[in-house]
Amino acid sequence: MFGNITDVPGIKVGHRENEEGITGCTALLMEGGAVCGVDVRGSAPGTRETDALDPINEIDRVHGICLSGGSAFGLDAATGVMQFLEEQGMGVDAGVAKIPIVPSAVLFDLFIGDPHARPTAQMGYEAAQAAQVGSFQNGNIGAGYGATVGKLAGPDFAMKGGLGSASIAGKDGLIAGAIVAVNAVGDVKNPNTRQILAGARNPQTGQWLDCCAYLEQHAQSEALAGTNTTIGVVALNAKLTKAEAKKIAQLTQNALARTIYPVHTMLDGDTIFVLGTGERTFTLDYLGHLATKVMEEAILAGIQAADKLAGVESYTSIQKIST
C-alpha cells in the first residue's frame, strides 16, 4: 500500500502546480466510474456539478473529481479533466457524445502568489493526464500548493496549509482512502493533544493567537468571506448508493470538527465528496467511522508535510526554529 487514496482500487491521482501563482489542482480519475455523494458544510463554497450528486437526481456515477486552487476561477480546471476523460472514451453515453461527469470544489489561495495566475483547463488536463496509482508527496502539491490556515485574525498571521492523503485497511478487504486540501480560516490541532500544529501565529513573537480565543475576545473575524475552505475526497471499495455516499460524506465532516478550530464557518466552504468503487456491502456506521478516521489522518498529513513558502511559515519550518 502507498498510504494514500490510490490504495483504493479504481482511483488514480495527478497534480499540477503554477509556481508564479503559487496555486495548483489535483485530479482524481475513477476507472469505470464510481458512485458519488457530497456534503457541503461551509457557508462560502465554490463548487461545480454538486447538484447532480443529489440522490433524487438521475446521474449515478462520476468519472473524475477536480480539487483546485484559484477560487471560483479555478473551476476551469475541471474542464480540462473532462476533456482528457472524453478523449479516453469515458463518460455518460448521450448518443452523440460521451459526457464525463467531473464534480469540482475550489479553495481561495490568491494571497501569497500572483492572484492573476490561476489553475486553467490546461492544468486540469495535465493533472488528469498525469494521474496514476502510486506514491506522491503531501504538503505543497496540487490543490494544496498555495493553501494557508489560521486566517481568522487576518492573512498576515496565517501559516502554510497543504494537501494530504492517507489510507486505512479495514475488515474483509475494505480500504478507505482520503485526500484533502486544507485551507481553513481556523487553526489545525492534533486531535489527541489539542496542540496547535499550524494556525494564527504572531510572526514577531512566535506566539499562537488561538483563533477560537481571538473570536471570543473580538466577537468578529478579520478574514474575508470566501477566502478559506477545506475540500476533500474519501474513497471506499464498498458498494454504495448515492444516498449512502452522501450520508458518509456528512459523517466525514466530523474529521474536520476534530482537527480544525473553528470549522464550518461563514468564511469557509468546506466540501467533502465520497466515492464507492466496490461491490461488497458494509454497515454505514462502520464505513462512516473509517471515512472519518482516514480523513483526519489526511488532514494532519497535509499540515505536517507542508513547507515554508513565499515567507509563510509552516509546521516543518517552525519545528526547525524551535530546535
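What follows is a walk through the strands, a helix pair and the cysteines of this structure. The model is predicted, so a word on its ground rules helps: local features need pLDDT of at least 70, side-chain atom pairs count only at pLDDT 80 or more, and totals for chains, interfaces and linings use all residues. Residues are numbered from 1 along each chain as its sequence is written, and side-chain values use heavy atoms, with hydrogens and water left out.

Let us begin with strand E11. Helices (H or I, at least four residues) and strands (E, at least two) are DSSP runs, numbered from the N terminus. E11 covers residues 175-183 and runs antiparallel to strand E10, with eight bridges joining the two; strands count as paired if DSSP finds at least two bridges between them. Along this pairing, Ser 165 has Ile 179 as its bridge partner in E11, and Ile 168 has Ala 176. The two strands form a hairpin with five residues between them, and Asp 172 in that turn has a positive phi of about 55 degrees.

E11 also pairs with strand E14 (residues 229-236), again antiparallel and again through eight bridges. Here Val 180 stands opposite Gly 232 in E14.

How much of E11 is buried? Nine of its nine residues are, where buried means under 20% relative accessible area, exposed over 50%, and partly exposed in between (1.4 Å probe, protein chains only). Both faces are covered: Ile 175, Gly 177, Ile 179, Ala 181 and Asn 183 lie on one side, with Ala 176, Ala 178, Val 180 and Val 182 on the other. Its hairpin partner E10 (residues 162-169) is mostly covered too, with seven of its eight residues buried.

Now turn to an open sheet of three strands, ordered E13-E12-E15 with antiparallel pairing. E13 (196-198) and E15 (260-261) are the edge strands; each has a single partner strand, so one side of each is left without a neighbour in the sheet. E12 (residues 187-189) pairs with E15 over two bridges, and Val 188 stands opposite Ile 260 in E15.

Next come two helices, H1 (residues 77-87) and H2 (residues 121-129). Their axes come within 6 Å and cross at roughly 45 degrees, which makes H1 oblique to H2. Axes are lines fitted to C-alpha atoms, for helices over the stretch in contact, and angles run from 0 to 180 degrees between N-to-C directions. Angles under 35 degrees count as roughly parallel, over 145 as roughly antiparallel, 65 to 115 as roughly perpendicular and the rest as oblique. Among the residues in contact (heavy atoms within 4.5 Å) are Val 81 and Phe 84 in H1, and Tyr 125 and Ala 128 in H2.

Finally, the cysteines. A disulfide is a pair of cysteine sulfur atoms within 2.5 Å, and the count here comes to zero. Why does Cys 25 not bond with Cys 66? Their sulfurs are 5.2 Å apart, which is too far for a bond, even though Cys 66 holds the closest cysteine sulfur to Cys 25. For Cys 36 the closest cysteine sulfur is also in Cys 66, at 13 Å, again too far. Cys 25 is buried at 0% relative accessibility, and Cys 36 is buried with a relative accessible area of 1%.
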